[in-house]
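Subject: A structure for you to look through

Hi there,

Here is the structure I promised to pass on. Have it open while you read, and I will walk you through what was found.

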Amino acid sequence: MLLSDLRLALRQFISQPGYSALSVIGLATGLACCVLIALFVLDELSFDTTHPEGDRLYRVEQDWQSGPGGDLQRVAAIQAPTADRIFPEVPGLEAVVRVTSADSPVVTAGDLRFKEDRFLYAEPAFFDLFDVDLVAGDAAELARPQTLVLSEPTAAVVFGEADPIGREIEIRTDPRVPAETFEVIGVMREMPRALHLRGDIVASFASIYRAEADPVWFQTASTYVRLGEDVDPQTTAASLTEAVARQSAREEQTAFEAETHLVPVTDIHLRSTAANEITPQGDIRYVWLFSAIALVILLIAGINYMNLATARGARRAREVGVRKAIGAGKGQLVRQFLSESFVVTALSLVLALLLVAVALPWFGTWMSRPMALPLGAPGFWAALVGVVVVLSLGAGGYPALVLSTVRPVSSLSGTARMTSRTLVRKVLVVGQFAATVVLIACTLGILRQLHFVQNTRLGFDPEQTLVIEAGAALSSSGEAFRQAAEQIDGVEQVSLAFSAPGLTSGVRFFPASEVEGQDGTEAGLIIFEWFKADAAFAEVLNLQLAAGRSFSWDRPSDIGRSVILNEAAVRNLGWDDPIGKTMGTGEGQVEVVGVVEDFHVADMRTEIGPLLIEYDPEARDYAMMKLRSADLAGTLAEVEALWATVAPDYLFDSFFLDDHFAAMYRAERLVGQMFLAFSLLAVLVACLGLFGLAMLAAEQRTKEIGIRKVLGASVTSLVGLLSRESAALVSIAFLIGAPMAYLFLRDWLSVFVYRAELSAGLFLVSGALTLLIALATVSTHALRAATADPIRALRAE
Amino acid sequence: MSDPLLSLRQVTYAYRSRRRTEAVLHGIDLDIEAGAFVSLVGPSGSGKTTLLNLMGLLERPTSGTIHFEGRDVGAMKDRARAALAREAIAFVFQAYHLLGDLTVADNVAEPLRYQKVPADERAARAADALKRFGLQDKAHRYPTELSGGQQQLVGVARAIAARPRLLLADEPTGNLHSSQGEVVMESLRTAHEDDGVTVVHVTHSDRWVAYGARTVELLDGHVLRDSVHHAS
């Protein structure tokens, strides 16, 4: 019986190619989107799930106060001596490892020199606690300073096929200090990608930390513990908090008194709220968001199928009547229709997998990770079978039940009424288009914000501004480099500074009592974001002077004494006439010589705060160059060549400032792109469904259209008649979808201090777009039906 | 005397809509003996088709009782009624109602599939039924490739293949040219005579009335006349 049901279902599928194609393409598109998103979500959820005894592995985090009276902030890296001095007091800690990283140190081995972006310092226990395997050497040797372990690929790059054990390489972690020599004591397998911290080089933690050399507990490290079996993490965290408090009481200059937490390593990648992460982590909100998008698309696709199947009910009611009259039971009919649903779903899944296979390389690039279908995983196939069953039952169940309950007598006489089913269908179409409105409105909202952050004037000109990380490279040759660089044709101007917008800057503060115009008795500090730069800084960045003057090469007396403030600082200080005002006392006293208009030194999530630029031509950590637009590549090559002569021992490490700012919104851009791509697909799927419904509606109203035409109805009025219902449904969908989109966008935008305001126009455009797309879809059939020969229509009926 | 195949007592049927109730049949008393060939006649709206649907267990009466082979079908649950109908009753429709997606052979075999007859036997019985009406060479055609008369013969073959004890035909010649109609009526007579199937057919035509030995005439939902004569 099952086979003959399937045979019939296949025959039914083939006999209705248009309808079948609409159903399969719609479902396949929805399923393909879901599979792609599911692969992404599963990958995100797979982080740190493979560590041995991983369920007992925790990272120690603490809540630190950011300054006196400041907010509590969770930190991922705690004071390193805590592990030596405090942990022994706390029971239940089976193993401990401290890990920290270096910021892209330069590795030199013979003639080979490169920057290593994945560089960790760790204790030997790292290889016990984490899913990282040594393939050569002994981890215990990592206890010695100046030792390291290379990953297999890195060892192959550095030493080729030679045995790296015992060989030496030089590493310069800080451009301001000379390189240090490390001995290779082991080779590890390349770390799994799904770890919250990864290294291609793991150097000994002892190389940078010795407890006796850190009496004030300055050094911090990410600290991981494996608890003993059946040890309660909450109790252990409480014990740690108490132990830290005891240490703090014993020696004030050591431990910060702070509440201590144990965070499961499996939660770090997606749920960490801590600062000082070694590498940027994911965000569980995006996992939820993308999962919701997948679900919405699948829902739209499922509704499509359900709608098309029930809409065809009117056409198939007679068939059902006949089948019942010749002996079919309700169960047999339900099974037959479910078989049809199964055939459509299964074929859709096959097509979806093909689509996924084609899209995966592109999707992987987009998501910045290698992605593949887990064809060898039984769970994958089980999930697919589950999807087919659920979709077959979910999308096919309703039409099956509806059709199987049709009364044979009424269906045979052509009087079967499908009113309640029509209502359900309308509700489903409204749901489908409400979801479409949400997706379109959110896409527009996100793209608008991205456009806003990328096009809002930053207050300086980042275009064609090259930034070179100089470190100590220019400490003695800065002026020579600046002059030589300005001789290059494509270079307009060069400025050397301690930092640049978008990079970490310093903080300078003055006691309020030492700031002119402030209440002399007031306690507290006046804090500024602090840049030290030469006289070209304002010009290279094209900062706009609001008052006073800029620094000048001709005024050496300005050095260390003159400062320029931004408008936010002036507002903060309440000064009406800031020029000539002083802050600080004695040698540290500075005078305000100019005010620049506010400019962004961080992304749009951060409010522009008080900023102070101090004149210091000796600040040479970064070189900023304004380049001319012609032949950027050639200019860049010349600058690099100059760098090689001026600082031969330092890598030429540069970036363009506009790229750097654009990169700050990578996550948002990804969300925007995903919304855009999946919205388009959702719209496509929804339109396929509407197209099918319109086709069936036009078919069912052939006679009515014929009569109306004979009575003199115009094509326009008939198209209007056939499109009116869709317009009404989309309008209702808009009323439901727009508020939902508003709530989502309001929440999403709340992280931005500077944002594009949510206007009614955005939602109206979304609604209009949805309506336009829906009407364009429907009117194809409406127009065809309205222009058909009425006599033929009546005769056919 | 044995029980009639079908026995209706004080059967009424009314269509109910939200606004009104419209009685179609009023207190019908009717026995159909096994092996009979009955013509059901009457003007449009007299209740012929409704009565046929009640006999075929497609509908339940508003009041009254229906016994099939002595069993009170009104007391049966839906599933049991459907099983009885599947096993004992077959229909031939005026509009043929063949399933367009199935071949002629599959159409004929379809009721057997619902009876859970094994596939081999289904094919054999369908082939046999088609052969009886000279349709064996059309077995693999689709209904739309056949003339109206041929389609109706397939309808009869489909009904016969199920080996029913009661065959109900609702104006089986209504859509056909008279010569085709004759072929169809002959096929019903063949089924009646060769297989002993009880036949009740609805007709407007005196010509086809003559095929039955008994004529039941309905008017406004009442049995106006119930007469026995010699079939031609």
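Let me start with a small puzzle: does A:Asn542 count as buried, exposed or partly exposed? Please keep in mind that this is a predicted model. A residue is called buried with 20 or more other C-beta atoms within 10 Å of its own, and exposed with 12 or fewer. A:Asn542 has 14 C-beta neighbours inside 10 Å, so it counts as partly exposed. You will find A:Asn542 in the loop between helix 15 (537–540) and strand 19 (545–548) of chain A.

There is another reason to look at A:Asn542: its phi is positive, about 55 degrees, although the residue is not a glycine. For background, most residues other than glycine have a negative phi. Chain B offers another case, B:His97, with a positive phi of about 50 degrees, and B:His97 is not a glycine either. B:His97 also sits in a loop, the one between strand 6 (89–92) and helix 3 of chain B. Its surroundings put it in another class, though: B:His97 has 23 other C-beta atoms within 10 Å and is therefore buried.

**The sheet in chain B**

Next, please turn to the open sheet of four strands in chain B, where the order is 2-1-4-5 and the pairing is antiparallel. Which strands stand at the edges? They are strand 2 (21–32) and strand 5 (71–72) of chain B; each has a single partner strand, so one side of each is left without a neighbour in the sheet. As a general point, strands of a sheet pair through backbone hydrogen bonds.

You can walk across the sheet one pair at a time:

- Strand 1 of chain B runs antiparallel to strand 2 of chain B, and eight bridges join them. B:Leu8 has B:Leu30 in strand 2 of chain B as its bridge partner.
- Strand 1 (residues 6–16) of chain B is also joined to strand 4 of chain B, by five bridges and again antiparallel. Here B:Leu6 is opposite B:Phe68 in strand 4 of chain B.
- Strand 4 (residues 63–68) of chain B pairs with strand 5 of chain B over two bridges, in the antiparallel sense. Opposite B:His67 you will see B:Asp72 in strand 5 of chain B.

**Two pairs of helices**

Now for some helices, beginning in chain B. Helix 5 (residues 148–161) and helix 6 (residues 178–195) of chain B pack at an angle of about 15 degrees, and their axes are 9 Å apart. Angles under 35 degrees count as roughly parallel, and helix 5 and helix 6 of chain B are therefore described that way. Their crossing is right-handed. Among the residues that make the contact are B:Leu153, B:Val156 and B:Ile160 of helix 5 of chain B, and B:Val184, B:Leu188 and B:Ala191 of helix 6 of chain B. By class, this contact has seven nonpolar, five polar and one charged residues.

In chain A, helix 19 (residues 666–700) and helix 22 (residues 760–786) pack at an angle of about 25 degrees, with axes 9 Å apart. Helix 19 and helix 22 of chain A are therefore roughly parallel to each other, and the crossing is right-handed. The residues that meet include A:Leu690, A:Phe691 and A:Met695 in helix 19 of chain A, with A:Ile773, A:Val778 and A:His781 in helix 22 of chain A. Sorted by class, this contact has 12 nonpolar, two polar and one charged residues.

**A link across the sequence of chain A**

Please find A:Thr443 in helix 13 (residues 419–455) of chain A. A:Thr443 counts as buried because it has 25 C-beta neighbours inside 10 Å. A:Thr443 and A:Phe678 are 235 residues apart in sequence, yet 9.4 Å apart in space from C-alpha to C-alpha. Leaving aside residues up to four places away in sequence, A:Thr443 touches A:Phe675, A:Leu676 and A:Ser679.

**Where the chains touch**

Last, how many residues of chain B are in contact with chain A? There are 19, and they meet 16 residues of chain A. On the chain B side, the elements that give two or more residues are helix 2 (78–88) and helix 3 (104–114) of chain B. The largest share, four residues, comes from helix 3 of chain B. By class, the chain B side divides into nine nonpolar, three polar and seven charged residues.

Enjoy exploring, and write back with any questions!

Best wishes

Technical notes:
Residues numbered from 1 in each chain as written. Chains lettered and ligands numbered in written order. Predicted model: local features only at pLDDT ≥ 70, side-chain atom pairs only at ≥ 80, totals over all residues. Pairing = 2+ DSSP bridges. Contact = placed C-beta atoms within 7 Å. Nonpolar A, V, L, I, M, F, W, Y, C, P; charged D, E, K, R; others polar. Axes fitted to C-alpha atoms, helices over the stretch in contact; angles between N-to-C directions. Parallel < 35°, antiparallel > 145°, perpendicular 65-115°, else oblique. Left-handed = near helix turned anticlockwise from the far one by under 90°.
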